Amino acid sequence: MIGIFAGIIIAVACVDLGTKFIFDGVLNTGIAWGLGAQWPWLWIAIVVLSAVLVVVCIVWYCRSSRRHSWWFTVGLALFVGGVIGNAIDRCLTGGAVHDFINFVLFKNNLADMAIIAGAMMVGGQIAFR
């Protein structure tokens with residue numbers, strides 16, 4: 001399962017980064033809905049927090065003594081891949097992420113959707129055990 005876990009992480013991050021530079025959109029310098037855009041240092045804190053979160057999630061997955069379900073594996077991999085995609089995008093743009101999917105009330109990208117879907121999958125798996 002570790003191979004599947006790693007493969008999904010790499011695929012999500014690569015597809016996310018590829019789409020961000022193919023499609024036109026807006027640069028979001030803040031977090032969700034542009035919150036915190038007025039703080040120019042926020043992106044550095046987000047990238048550092050992202051790196052810590054990725055390491056914690058990978059170590060948690062690899063060190064867990066019990067076998068993980070397919071649902072949990074895919075969910076955590078989606079989450080980690082999305083976090084990596086957005087963190088790399090922030091580093092490449094000097095603090096912003098490319099949002100190109102328009103949901104009328106807000107714009108989004110594939111990494112954001114992977115993070116949300118992954119968190120819901122992992123949370124559901126933990127809650128309904």
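Let's begin at Ile 9, which counts as buried, with a relative accessibility of 8%. The cut-off for that label is under 20% relative accessible area, so Ile 9 qualifies at its 8%. Please keep in mind as we go that this is a predicted model. Ile 9 belongs to helix α1. Its C-alpha lies 7.8 Å from that of Gly 82, although 73 residues separate Ile 9 and Gly 82 in sequence.

Stay with helix α1, which covers residues 2–20, and follow the helix to Lys 20. Which side chains does Lys 20 meet in salt bridges? One partner is Asp 16, with an N to O distance of 2.9 Å. Lys 20 and Asp 16 are four residues apart in α1, so about one helical turn lies between them. Both residues of this pair are buried. The other partner is Asp 89, where the N to O distance is 3.4 Å. Here the contact reaches across the fold: Lys 20 sits in helix α1 and Asp 89 in helix α3, so their pairing ties together parts of the chain that are 69 residues apart in sequence. Lys 20 and Asp 89 are both buried too. Through shared partners, the salt bridges join Asp 16, Lys 20 and Asp 89 into one network. A search of the whole structure turns up two salt bridges.

Moving on along the chain, we come to Ile 22, in the loop between α1 and β1. Is Ile 22 buried or exposed? With 61% relative accessibility, Ile 22 counts as exposed. Across a sequence separation of 78 residues, the C-alpha atoms of Ile 22 and Phe 100 are 9.6 Å apart. Next is Leu 27, a residue of strand β1. Leu 27 also counts as exposed, because its relative accessibility is 51% and the label applies over 50%. From Leu 27 to Thr 93 the C-alpha distance is 8.7 Å, with their positions 66 residues apart in sequence.

Now let's look for empty space. Rolling a probe the size of a water molecule over the atoms shows where such space is left. The largest pocket holds about 630 Å³. Its lining is made of 24 residues, and those nearest the pocket's centre are Ile 31, Ala 32, Asn 86, Arg 90 and Asp 112. Which elements supply at least two residues each to this lining? They are β1 (26–28), α2 (42–63), α3 (70–93), β2 (97–99), β4 and α4 (110–127). Helix α3 gives the most, with five residues. Sorted by class, the lining comprises 13 nonpolar, seven polar and four charged residues.

One of the residues nearest the pocket's centre, Ile 31, also leads us out to the surface. There, Ile 31 joins Trp 33, Leu 35, Phe 103, Val 104, Leu 105 and Phe 106 in a nonpolar patch, and together these residues have about 830 Å² of accessible area. Two members of the patch deserve a visit of their own. Phe 106 is placed in the loop between β3 (101–102) and β4 (107–108). Phe 106 counts as partly exposed because its relative accessibility is 32%, a value in between the cut-offs of 20% for buried and 50% for exposed.

Val 104 shares this setting, since the loop between β3 and β4 is where Val 104 is found. What is Val 104's phi? The angle is positive, about 70°, although Val 104 is not a glycine. Val 104 is exposed, because its relative accessible area is 76%. For a last look across the model, turn from Val 104 to Ala 13: the two are 91 residues apart in sequence, and their C-alpha atoms are 25 Å apart in space.

Note on methods
Residues numbered from 1 in each chain as written. Predicted model: local features only at pLDDT ≥ 70, side-chain atom pairs only at ≥ 80, totals over all residues. Heavy atoms only, no water. Patch = residues over 30% accessible without salt bridge, like charges linked within 9 Å, V, L, I, M, F, W, Y side chains within 5 Å. Areas by Shrake-Rupley, 256 points an atom, 1.4 Å probe, with all protein chains shown as cover. Salt bridge = Lys/Arg side-chain N within 4 Å of Asp/Glu carboxyl O. Buried < 20%, exposed > 50% of the residue type's maximum accessible area, 1.4 Å probe, protein only. 1 Å grid on protein atoms, 1.4 Å probe; cavity = no way out; pocket = protein on both sides within 12 Å on 5 of 7 lines; lining within 4 Å. Points joined across faces, edges and corners; volume = space filled by probe spheres on them. Nonpolar A, V, L, I, M, F, W, Y, C, P; charged D, E, K, R; others polar.
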